[in-house]
Amino acid sequence: MQNLLHNLNPEQLAAVTLPAQSALILAGAGSGKTRVLTTRIAWLIQTGQVSPNGVLAVTFTNKSAKEMLTRLSAMLPINTRGMWIGTFHGLCNRLLRAHHRDAGLPQTFQILDSGDQLAFIKRLLKANTIDDEKYPAKTLMYFINSAKEQGLRAAQVDAYDDFNRKMVALYDLYDLQCQREGVVDFAELLLRTYELLSRNQPLREHYQARFKHILVDEFQDTNDLQYKWLKLMAGTQGAVFAVGDDDQSIYAFRGANVGNMSAFEKEFRVENLIKLEQNYRSHGHILDTANALIEHNSKRLGKNLRTDAGHGELVRVFEASSDIQEAQWITEEAKNLIRDGFERSQIAILYRSNAQSRVIEHALFSANVPYRVYGGQRYFDRAEVKHAIAYLQLMDNPHNDSAFLRVVNFPTRGIGARSIEQLQDAAKQYNISLYAAVPYVAGKAGSSLGNFVKLIEGARFETQNLPLPEMVQVVLDLSTLITHYQSEKEGADRIENLEQLVNAATLFVSEEGFGHDAPALAGPASRPANTLIANDQGIEIIDADAALPTVMSPLSAFLSHASLEAGDNQAQVGQDALQLMTVHAAKGLEFDAVFIGGLEEGLFPHENSSQEESGVEEERRLMYVAITRARQRLYMTFSQTRMLHGQTRYNMRSRFFDEMPEESLKWLSPKIQATWFARPKSAWDEAPESGANAIAQQISKHQTSTGWRIGENVAHAKFGEGVIVNIEGSGSNARAHINFGKFGMKLLDLSIAKLEKC
DNA sequence: TACGTGCTTGTTTTT
DNA sequence: CAAGCACGTA
């Protein structure tokens with residue numbers, strides 16, 4: 001124990017050793033949050049306050065769940081495999097598999113990822129001949145997901161107008177169809193579990209009694225349903241140890257509710273609110289900058305990071321004339337850093353939106369600087385992999401219409417749109433799945449469809465006693481997917497990805513503890529004995545014991561894994577290359593040197609978020625996250641012109657610059673560069689792109705006729721500082737489109753409006 | 001059924 | 001600008 005607790009600072013120690021009551025830990029960026037969480041679990045177990053299976057630890061990402069397990073096994077000599085540490089979704093999946101009958105689901109229910117869900121909804125709309133102009137699939141998907149995330153079924157949603165009534169009706173239809181096919185979406189995993197435990201008292205009490213200690217990571221990111229879920233799990237006796245940082249809540253746009261933190265404080269009668277404010281990551285000026293910025297948010301629980309690391313270097317600010325120049329400057333500066341001994345993988349370039357990466361990539365590529373872009377396509381999202389998965393899905397649950405439609409004619413086997421239509425009619429008539437409707441289709445179409453069914457049945461029969469990896473191999477062969485891609489000119493990568501699936505299955509089997517002798521399609525009878533709990537009503541409860549093999553077959557488990565963990569999208573982690581990613585993707589990471597690009601009004605803060613104050617506050621938190629990624633050096637850049645959606649935009653520098661302490665910033669370029677375009681052409685040496693020159697020439701034409709020029713900074717009595725974006729007309733009729741940042745775009749008459757140059 | 005063309009539409013994203 | 005998609009033609 002001495003070992004466990006040593007090296008903790010007083011606040012961390014206090015948090016780790018809190019009594020068994022609910023507690024809220026406000027953990028600032030870089031304050032050792034994960035360490036506190038894992039040490040707390042280890043301490044509870046080591047001091048005998050709880051057994052490993054009495055702990056429930058919830059995270060948002062598979063990555064942090066894995067991280068927690070790794071750290072924990074390093075601290076304690078226990079087998080962590082059986083422990084209930086995982087994502088909300090992963091844990092719910094496990095519960096629903098074990099209690100599928102009580103939850104009203106088939107044992108082999110399958111999980112729709114967001115892509116599947118969208119396709120599913122499109123299909124639903126088409127089948128019901130709904131005008132998708134009026135009711136777009138994406139809107140409906142958002143509607144359904146946010147309803148579920150609030151814990152609401154269609155019948156409970158308040159529909160106040162015709163549009164909403166229609167959405168509610170479609171939501172209801174959607175749920176029915178999911179049920180028919182035996183599929184659940186992400187939100188459904190949580191809602192189903194929540195409903196199961198709400199209605200099933202013995203089950204609820206069983207788990208409440210089991211989980212004495214519930215620990216939640218990134219609590220600020222919980223949505224309403226997750227909060228209710230936690231409340232239900234905890235019951236009256238469970239102690240919830242919630243760790244979070246309200247200043248790093250950046251997912252409100254997808255339903256996260258920071259308000260859960262203060263709600264938690266009240267509803268769980270938190271007596272212990274501990275703030276971890278000692279930062280072990282960033283140097284002083286960086287931290288001061290972050291602190292000053294976040295001070296501008298009104299709704300905060302209040303917290304200020306401090307460091308012992310000393311002031312360190314000033315935060316460098318650079319104003320570029322164009323996005324291209326910005327990228328080139330970042331590239332040059334990164335090269336200097338590497339020359340000075342920074343590791344490439346310790347340098348990050350962060351941006352608000354993915355579209356910004358292109359220009360930067362171009363500059364890096366031209367300069368031969370290796371880089372890695374995070375957030376690309378994930379392994380299980382690739383079309384060829386999805387196809388292979390669909391075959392496996394059909395073998396495990398043939399009623400999954402999405403899987404059926406994906407591969408019924410892929411590779412092509414003469415089943416065209418007409419045959420599918422016939423099949424869909426039959427399925428609709430008898431209210432059954434497409435697969436089950438095959439026998440009802442007559443003629444040639446019927447026989448090709450019948451052959452497809454035989455293919456699936458054959459694959460199922462042939463693989464029923466095989467271990468998972470061999471099963472995957474057989475499916476790849478029988479489906480002729482590989483043969484198909486062999487005849488395609490650019491199929492080599494795809495074939496490699498498909499062959500990779502066998503490896504993925506092998507890895508999965510060994511990691512999740514499915515022995516090689518485990519039956520491929522384990523039915524209830526063939527499963528190892530589970531903990532049986534008798535209750536008053538005489539209902540038998542099979543405890544969803546932590547190890548996956550006890551609650552589902554290797555195939556079902558592997559398919560869940562494919563949906564819940566789409567795989568790495570951060571190809572070759574740790575490779576010696578610059579790290580490019582969005583600020584969102586950077587959350588939780590840290591680097592020696594960080595560049596934050598595109599700090600302009602409209603981009604960061606993003607224009608779509610600037611309408612409401614709460615939107616700007618979230619952007620500010622996002623900026624706070626970005627700043628606090630840096631250990632010793634931080635750069636912030638912005639540009640006077642930027643190419644977006646094929647047209648040049650003139651943005652003002654971000655308001656965030658006015659919210660950061662002047663004394664911590666070092667402007668590498670003049671703060672207000674009065675007239676970069678008025679300079680003689682020779683000044684353009686640094687901007688070799690001829691496009692920029694063309695823009696400058698175009699701009700200067702206007703100057704003579706109106707006395708104002710595009711791109712000029714102006715000040716207005718009411719709207720403050722702005723940038724002239726366009727000028728129309730000439731002489732006394734001239735009017736200008738001016739971007740006033742937070743006041744938006746205005747069209748002003750140049751002879752009337754009192755504008756000042758600035 | 002495969003491919004080409006023209007049109008729309010652009011934040012952030014884990015599970 | 002450029003990617004993704006719906007639609008039309010060979």
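Is S31 of chain A buried or exposed? Select S31 in this predicted model and the surroundings give the answer: S31 is buried, with a relative accessible area of 1%. The residue belongs to the loop that runs between β1 (23-27) and α3 (33-46), and, once residues up to four places away in sequence are set aside, S31 touches Q12, L276, Q278 and Y280.

**The whole chain**

Now zoom out and colour chain A by secondary structure, which comes to 28 helices and 23 strands. Of the 758 residues in chain A, 55% are buried, and the accessible surface of the chain comes to about 33100 Å², with 50% of that area belonging to carbon and sulfur atoms. If you display contacts between residues at least 6 apart in sequence, 75% of those in chain A join residues at least 24 apart.

**An enclosed helix**

Next select helix α25 (residues 554-564), which is largely enclosed by the rest of the structure because 9 of its 11 residues are buried. The buried residues of α25 are P554, L555, S556, A557, F558, L559, S560, A562 and S563. To see what lies over them, show the neighbouring elements as well: the cover includes α5 (88-98), β4 (110-112), α10 (186-199), α17 (383-396), α22 (468-478) and α24 (492-512).

**A strand and its hairpin**

Move on to L634, whose place is in strand β16. L634 is buried, with a relative accessible area of 1%, and, leaving aside neighbours within four places in sequence, L634 is in contact with I286, V315, R316, V594, I596 and I627. For a sense of scale, draw a distance between the C-alpha atoms of L634 and M581, which are 53 residues apart along the chain and separated by 15 Å.

Then follow β16 (residues 630-644) into strand β17 (residues 647-650); the two strands run antiparallel and are joined by 4 bridges. One pairing to pick out is that of T641, whose bridge partner in β17 is Y650. The hairpin of β16 and β17 has 2 residues between the strands, and H645 takes a positive phi near 50 degrees there.

**The DNA strands**

Keep H645 selected and turn on the DNA, since a polar side-chain atom of H645 lies 3.4 Å from a base nitrogen of DNA strand B. DNA strand B is surrounded by 25 residues, of which the closest are N62, S114, R352, N354 and T582. Of the atoms of DNA strand B that come within 4 Å of the protein, sugar and phosphate account for 49%. If you colour the surface near DNA strand B by residue class, its residues divide into 5 nonpolar, 17 polar and 3 charged.

Two other histidines are worth selecting beside DNA strand B. At H89, a polar side-chain atom lies 3.4 Å from a base oxygen of the strand, whereas at H606 an N or O atom of the side chain is 3.2 Å from a sugar or linking oxygen.

Which residues are around DNA strand C? Selecting the surroundings of that strand brings up R358, H645 and G646. For DNA strand C, sugar and phosphate account for 30% of the atoms that come within 4 Å of the protein. At R358, a polar side-chain atom lies 2.9 Å from a phosphate oxygen of DNA strand C.

**Backbone details in the loops**

The last stops concern the backbone, where most residues other than glycine have a negative phi and most peptide bonds are trans. Select F410 and P411, which are joined by a cis peptide bond with omega of about -5 degrees; P411 is placed in the loop between α18 (401-407) and α19 (417-430). A second cis peptide bond to inspect runs from F604 to P605, with omega near 10 degrees, and P605 lies in the loop between β15 (591-596) and α27 (613-627).

Go on to R269, which has a positive phi of about 45 degrees although it is not a glycine. R269 is found in the loop between α13 (259-267) and β8 (272-276), and at 62% relative accessibility R269 counts as exposed. Finish at T480, another residue other than glycine with a positive phi, here near 55 degrees. T480 sits in the loop between α22 and α23 (481-486) and is partly exposed, with a relative accessible area of 36%.

Definitions and conventions:
Residues are numbered from 1 along each chain as its sequence is written. Chains are lettered from A and ligands numbered from 1 in the order in which they are written. This is a predicted model: local features need pLDDT of at least 70, side-chain atom pairs count only at pLDDT 80 or more; totals for chains, interfaces and linings use all residues. Side-chain values use heavy atoms; hydrogens and water are left out. A residue is near a molecule or strand if one of its heavy atoms lies within 4 Å of it. A polar contact is a pair of N or O atoms within 3.5 Å; within protein, one must be able to donate a hydrogen and the other to accept it, and residues adjacent in sequence count only if both atoms are side-chain atoms. Buried means under 20% relative accessible area, exposed over 50%, partly exposed in between (1.4 Å probe, protein chains only). Contact means heavy atoms within 4.5 Å. Accessible areas come from the Shrake-Rupley method with a 1.4 Å probe; for residues, only the protein chains shown count as cover. Two strands pair if DSSP finds at least two bridges between them. Ala, Val, Leu, Ile, Met, Phe, Trp, Tyr, Cys and Pro count as nonpolar, Asp, Glu, Lys and Arg as charged, and the others, Gly among them, as polar.
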